[in-house]
Each structure stands twice: as structure tokens, then as C-alpha cells.
Amino acid sequence: MSTRIVTLPGDGIGPEIMEAGLRVLAAAAQQGGFEYSADEHPFGGAGIDACGSPYPEATRVAVHEADAVLLAAIGGPAWDDAPDRPEAGLLRMRQDLGLFANLRPTRVTAARAGRSPLRPEIVAGADFVIVRELTGGIYFGQPRRLGDDEAFDTMRYRRDEIERIARVAFETARTRRGRVTLVDKANVLASSKLWRRVVGEVAVEYPDVHQDAMYVDAAAMKLVSDPRRFDVILTENLFGDILSDEAAEITGSLGTIPSQSRGASGPAVYEPIHGSAPDIAGQGIADPISMIASVSLMLRGSVGRADVADRIDAAVDAAVSAGEITPDLGGTATTTEATDAIIRHLSTEFSKGAHDDQH
Ligand SMILES: NC(=O)c1ccc[n+]([C@@H]2O[C@H](COP(=O)([O-])OP(=O)(O)OC[C@H]3O[C@@H](n4cnc5c(N)ncnc54)[C@H](O)[C@@H]3O)[C@@H](O)[C@H]2O)c1
């Protein structure tokens with residue numbers, strides 16, 4: 001079966017890293033023996049320029065018909081004053097596809113520990129996933145008001161919204177080390193008290209998964225003092241937004257972290273967590289790892305080829321160990337050189353596999 005992939009290169013460094021991701025995907029398909037089609041569509045600022053909308057109708061139709069969506073990055077100064085900004089297109093697509101779950105894996109292998117701002121003995125071996133609720137909470141809650149002397153927002157969650165994201169976290173934990181940590185502020189917030197209650201109820205359905213809870217302030221501290229204690233972190237939208245950027249930093253560069261956003265059905269969207277990096281766009285030095293890792297996540301989540309994803313991850317680690325890395329990680333490679341190195345290491349991984357198969 002051929003996987004139908006819609007690609008949305010977007011803006012800034014987006015097209016540069018998308019090209020890198022697609023080169024690795026092509027090499028992986030050729031050596032791993034799977035088929036796909038990749039159909040490119042305008043999105044974000046590129047959508048505004050081509051069709052007058054950050055989420056053009058033809059792009060909307062295409063993503064609905066896809067098996068998976070690969071998005072690079074959107075936004076930039078050229079569209080900052082546009083009435084309909086690129087970022088609005090992203091929010092619309094998330095709502096349109098019902099993408100309520102955002103998963104961000106963070107892994108600091110021994111090879112990458114030296115690139116972290118934290119000491120290697122604290123961070124080496126950290127391997128966790130943040131499961132963030134994406135379509136509820138304070139970013140969407142009504143009422144909200146901005147007055148001259150007073151302003152307020154509303155953090156609101158329904159039981160069904162908490163249940164469905166909790167199930168994603170428990171299912172994810174089952175494929176990992178079997179531990180879910182709910183991060184909330186249940187000592188103060190009513191919404192967090194409901195999260196604790198509902199997550200505790202869902203946990204009963206997963207007796208094989210260990211569940212605990214931590215206040216968000218303590219979790220922020222633990223992420224930098226003892227990141228290895230986490231397996232799956234389950235949290236609501238606002239806390240997840242903040243903690244996932246903190247988590248990204250401990251790997252050494254924003255330019256290395258992928259994410260998956262998914263709904264109850266339909267295509268999942270795979271994308272780097274960073275933006276379009278206008279400060280380095282066009283210089284050929286963007287780190288391609290976040291996009292290549294997004295391709296790897298897609299192979300796990302939507303193509304059913306975790307075996308090939310493992311090889312891509314190993315190839316990325318090998319390139320990092322060999323110092324074949326872009327300036328954000330302290331190297332001197334261009335985007336193309338870093339991608340070439342990963343493709344070379346990927347071939348080695350495949351030939352190792354073929355060798356193992358013969359024994
Ligand atoms: N999902 C998205 O597409 C998304 C997410 C965040 C921001 N944005 C948009 O991106 C634009 C720029 O935002 P920003 O500058 O605040 O955040 P950013 O993530 O684009 O950049 C932050 C810093 O990280 C660096 N960086 C990011 N990705 C990198 C990579 N792959 N390789 C090397 N360095 C990398 C940048 O050079 C910059 O110094 C804005 O228009 C913003 O709205 C889009």
C-alpha cells in the first residue's frame with residue numbers, strides 16, 4: 001500500500017528543511033521497501049502569496065484526503081501585518097483536523113549529551129514524551145476580555161476532553177516504559193482538580209501503566225534537575241506549551257525536535273516544533289534534524305514502519321557523534337552536508353541490518 005503524504009514546506013527555512021526531510025524519506029523508502037506519494041501544497045505565508053489565504057481551500061481538501069501531513073514551518077516578517085496571518089492557517093488546520101493531541105518526544109542520547117546546556121551526567125539517557133492537550137484550555141476558553149483596567153482568560157476543560165488525551169498518554173506509555181506523570185496545578189486550580197480526578201479514573205483501565213502526578217512548578221524544576229525520571233508527561237495546553245520548549249532546550253537545539261499532532265481519526269500532522277527561523281533563512285545552515293526526525297515519527301505513527309524509523313534515528317545519532325552537524329549544534333556543516341551525512345549513515349544502518357539478517 002502506498003502512503004499518501006501531503007507536504008507543506010511553508011516559509012523561511014521551511015522549504016530548506018523539507019527538502020532535507022524528503023531526501024531522507026526517499027532514501028529510506030528505497031532501502032526499506034515501502035511506497036509513498038508526496039504532494040506539495042502552499043500553506044502559511046506561501047499560501048497567502050499563492051492563493052490569498054494561509055490555509056487555501058485546495059490545501060484543505062488535500063490534507064483531508066491524505067494519510068499523513070508533513071509540515072515544515074510557517075510565518076515571518078513579510079506577513080506580520082497581514083490581516084490573515086500564517087499562524088492563523090496553522091490554528092485553522094489543527095481545528096479542522098480535530099488535532100487534540102500533540103506528542104513531542106525528547107531523547108538525549110549519549111551522542112547528544114555533550115550538546116546540552118545541562119551537564120551530561122544529568123541529561124544523558126533522558127527519553128520522554130510530552131503529551132499535550134492542544135485544542136482546549138486557556139487558549140480557547142470563553143469568556144475572555146481585555147479591558148483597560150482588568151483582563152481575564154478562562155481555563156476550561158470538559159471531562160471528555162481530558163479522557164481522550166489521557167487515553168493517548170496511557171496508550172503511548174504502553175509502547176514505552178509504562179509510566180505516565182500528570183502535570184497540573186491541582187493545589188490551586190479547579191480545572192487541574194478535574195484533570196487529577198479524570199486521569200485517575202482512566203488509569204484504572206491501564207493497570208499495567210504506573211501513573212503519578214506532579215505540580216507544574218515541580219515538573220519545571222525536575223525537567224532540568226532529573227529529566228531521566230520522566231517517561232510520558234501528560235498535561236494541558238498552556239503547561240504543555242511552556243514545558244515542551246523547556247524540554248527542547250535540554251537537547252541542545254530547538255532545531256532537533258519533531259512533533260506529532262493527531263485527532264481521533266484522519267491524518268496526523270508531523271512537524272518540527274520550531275518556527276520558520278527568518279534570521280537564518282536562505283543561508284543554507286538550518287538544522288535538518290527536526291524535519292528528518294518528523295519523517296521518522298511519521299514512519300512510526302502513520303506508515304507502520306518503526307523498523308525504518310529506528311534506522312533513521314540511529315543514522316541521525318551517528319551523524320551527531322561524528323560532528324557532521326549544523327552551527328546550532330556547534331558544527332560547521334551546511335543543511336545539505338548534514339543531510340548527506342545522515343543519508344550516508346542510513347545506508348550503513350541498512351547494510352548492518354542486511355548483515356544481521358544473514359546471521
Ligand atoms: N509551527 C510553526 O510553524 C511555528 C512555530 C513557532 C513560530 N512560528 C513562526 O516562526 C517565525 C519565527 O519565530 P521565532 O523566531 O520566534 O522562532 P523560531 O523557532 O523560528 O526561531 C527561534 C530561534 O531558533 C533558531 N532555529 C529554529 N529552528 C532552527 C533550525 N532548524 N536550525 C537552526 N536554528 C533554528 C532560529 O534561528 C532562532 O534563532 C514567526 O513568524 C513565528 O510566528 C511558527
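Axes are lines fitted to C-alpha atoms, for helices over the stretch in contact, and angles run from 0 to 180 degrees between N-to-C directions. Helices (H or I, at least four residues) and strands (E, at least two) are DSSP runs, numbered from the N terminus. Everything here comes from a predicted model, in which local features need pLDDT of at least 70, side-chain atom pairs count only at pLDDT 80 or more, and totals for chains, interfaces and linings use all residues. Residues are numbered from 1 along each chain as its sequence is written.

**View 1. Helix H7 packs against helix H8.** Start with H7 (residues 159–174) and H8 (residues 190–203), whose axes lie 9 Å apart at an angle of about 50°. That angle makes H7 oblique to H8; angles under 35 degrees count as roughly parallel, over 145 as roughly antiparallel, 65 to 115 as roughly perpendicular and the rest as oblique. The crossing of the two is right-handed (the near helix is turned clockwise from the far one by less than a right angle; anticlockwise would be left-handed). On the H7 side you will find Arg-159, Ile-162, Glu-163, Ala-166, Arg-167 and Phe-170, and they meet Leu-194, Trp-195, Val-198, Val-199 and Val-202 of H8. Two residues are in contact here if their C-beta atoms, placed from the backbone, lie within 7 Å. By class, this contact has 8 nonpolar, no polar and 3 charged residues. Ala, Val, Leu, Ile, Met, Phe, Trp, Tyr, Cys and Pro count as nonpolar, Asp, Glu, Lys and Arg as charged, and the others, Gly among them, as polar.

**View 2. Helix H11 packs against helix H12.** The axes of H11 (residues 289–301) and H12 (residues 306–321) are 7 Å apart, at an angle of about 160°. H11 is therefore roughly antiparallel to H12, and the crossing is left-handed. Look for Ile-289, Ile-292, Ala-293, Val-295, Ser-296, Leu-299 and Arg-300 of H11 facing Ala-306, Val-308, Ala-309, Ile-312, Asp-313 and Val-316 of H12. This contact has 10 nonpolar, 1 polar and 2 charged residues.

**View 3. Helix H1 also meets H11.** The axes of H1 (residues 14–32) and H11 come within 8 Å and cross at roughly 40°. The pair is therefore oblique, with a right-handed crossing. H1 brings Ile-17, Met-18, Ala-20, Gly-21, Val-24 and Leu-25, while H11 brings Ser-290, Met-291, Ile-292, Ser-294 and Val-295. Here the classes are 8 nonpolar, 3 polar and no charged residues.

**View 4. Domain 1 touches domain 2.** Domain 1 covers 1–100 + 263–359, and domain 2 covers 103–258; such bounds come from an automatic or database domain assignment. Their C-alpha centres lie 24 Å apart, and the contact takes 22 residues from domain 1 and 19 residues from domain 2. Helix H4 (86–96), strand S12 (268–272), H11 and H12 each give two or more residues to the domain 1 side. H11 gives the largest share, 5 residues.

**View 5. The ligand has 22 residues around it.** Gly-75, Gly-255, His-274, Gly-275 and Asp-287 come nearest. A residue is near the ligand if its C-beta atom, placed from the backbone, lies within 6 Å of it. The shell divides into 10 nonpolar, 7 polar and 5 charged residues.

**View 6. Two loops hold backbone details to look at.** Most residues other than glycine have a negative phi, and most peptide bonds are trans. A cis peptide bond joins Gln-142 and Pro-143, with omega about 0°; Pro-143 sits in the loop between strand S5 (127–133) and strand S6 (145–146). Ala-277 has a positive phi of about 40° and lies in the loop between S12 and H11.
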